[in-house]
Amino acid sequence: MSPLRCGVVVLAALIGSCAGPQQPPPLTIAAAASLAPVFDELGAIFQELTGAEVVFSYGATGSLAEQIRNGAPFDAFASADALHVDELIAEGLLVGDTRAVFALGKLVLVAAPGAGLELKSVADLTDPSIRTVAIANPAHAPYGVAAIQALQRAGVEPQVRPKLVYGESVQQTGQLVLSGNASAGLLSATTALSLDLRGLELPQEMHDPILHVAAIHVNTPHRELAIRFVDFLGSPEAQIVFERFGLLIPER
């Protein structure tokens, strides 16, 4: 080997040794819109623990499931229900062995700021002074499904249905209430807290359990890191954040 070529090889080795350990690849996670305030914080914690950046794509659960069916390159999916995850597992798009229930949602009844409303029950939504009630679109959003169930179980769905206005996600629904474009709304506790909307937490028996479920994509090129993220959602560090944002921790 010529002296010049030998010097080039040695220099390249020195540069490589100074570069330090290689950074993990970024993860792209599809996550229900209701989880945005929580996951923004958890993403930073996960990056501190692993060095891996996490990029979240938020939306209504049903819309994200359709994106996965259409080939969206997500590494994992964190849903606001079990149904969409289980369907994608059955279709061979998510890995069943990685399925994990990491939190349960709460539904809250909120009034628009400055509306002067004191809502003590879902039945109050029948009051003529409440002209519009915002819920997430039940065709796409599990919290919208839970809202309809709450109205039905309270026996007021026929009276309230003409007042309903729909957000495409629970975040958009919260903005309808916050802006005053809806007199009241049925939201996730997480969304209400993030928007500083004081609400009445509804009893869990008013709706089917709102299970937050995650699983990794079968085609993720970052399988081990994606599994580590799903496992992280069940960690004590994550559970502290979930509870602070109004989510319940499932019994193990």
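## A five-stranded sheet and its surroundings

In this predicted model, Ala 134 stands opposite Gly 185 in β8. This pair of residues is a convenient point of entry to the sheet described below.

### The sheet and its order

The strands are arranged as β7-β6-β8-β5-β9, which makes an open sheet of five strands with mixed pairing. At the edges stand β7 (164-167) and β9 (199-201); each has a single partner strand, so one side of each is left without a neighbour in the sheet. From one strand to the next, the twist averages 30 degrees.

The table sets out the paired strands, the sense in which they run, the number of bridges, and one pair of opposite residues for each.

| Strands | Sense | Bridges | Opposite residues |
|---|---|---|---|
| β6 and β7 | parallel | four bridges | Val 133 and Leu 164 |
| β6 and β8 | parallel | two bridges | Ala 134 and Gly 185 |
| β5 and β8 | antiparallel | five bridges | Val 110 and Gly 185 |
| β5 and β9 | antiparallel | three bridges | Leu 109 and Leu 200 |

Gly 185 of β8 therefore appears in two rows of the table: Ala 134 stands opposite Gly 185, and Val 110 also stands opposite Gly 185. 

### The strands β5 and β6

Strand β5 covers residues 107-111. How many of the residues of β5 are buried? The strand is mostly covered, with five of its five residues buried. Leu 107, Leu 109 and Ala 111 point one way from β5, while Val 108 and Val 110 point the other way, and all are buried.

Strand β6 (133-136) likewise has both of its faces covered. Val 133 and Ile 135 lie on one side of β6, Ala 134 and Ala 136 lie on the other, and all are buried.

### A helix across the sheet

Helix α7 is formed by residues 170-178. This helix lies across β5, β6, β7 and β8, and runs at about 150 degrees to β8.

### Leu 187 in strand β8

Strand β8 comprises residues 184-188, and Leu 187 is one of the residues that lie in this strand. Is Leu 187 buried or exposed? Its relative accessibility is 0%, and Leu 187 therefore counts as buried.

Which residues are in contact with Leu 187, once its neighbours within four places in sequence are left aside? They are Lys 106, Leu 107, Val 108, Val 110, Val 170, Thr 173, Gly 174, Ala 192 and Leu 197. Among them, Leu 107, Val 108 and Val 110 are buried residues of β5.

A further distance concerns Thr 61, which is 126 residues apart from Leu 187 along the chain. The C-alpha atoms of Leu 187 and Thr 61 are separated by 15 Å.

### A pair of helices: α2 and α10

The model also contains a contact between helix α2 (residues 36-50) and helix α10 (residues 236-244). Their axes come within 10 Å and cross at roughly 160 degrees. Angles over 145 degrees count as roughly antiparallel, so α2 is roughly antiparallel to α10. The crossing of these two helices is right-handed.

Which residues make this contact? From α2 come Val 38, Phe 39, Glu 41, Leu 42 and Ile 45, and from α10 come Ala 238, Val 241, Phe 242 and Arg 244. Sorted by class, the contact of α2 with α10 has seven nonpolar, no polar and two charged residues.

Notes
Residues are numbered from 1 along each chain as its sequence is written. This is a predicted model: local features need pLDDT of at least 70, side-chain atom pairs count only at pLDDT 80 or more; totals for chains, interfaces and linings use all residues. Side-chain values use heavy atoms; hydrogens and water are left out. Two strands pair if DSSP finds at least two bridges between them. Axes are lines fitted to C-alpha atoms, for helices over the stretch in contact, and angles run from 0 to 180 degrees between N-to-C directions. Contact means heavy atoms within 4.5 Å. Buried means under 20% relative accessible area, exposed over 50%, partly exposed in between (1.4 Å probe, protein chains only). Angles under 35 degrees count as roughly parallel, over 145 as roughly antiparallel, 65 to 115 as roughly perpendicular and the rest as oblique. A crossing is left-handed if the near helix is turned anticlockwise from the far one by less than a right angle, and right-handed if clockwise. Ala, Val, Leu, Ile, Met, Phe, Trp, Tyr, Cys and Pro count as nonpolar, Asp, Glu, Lys and Arg as charged, and the others, Gly among them, as polar.
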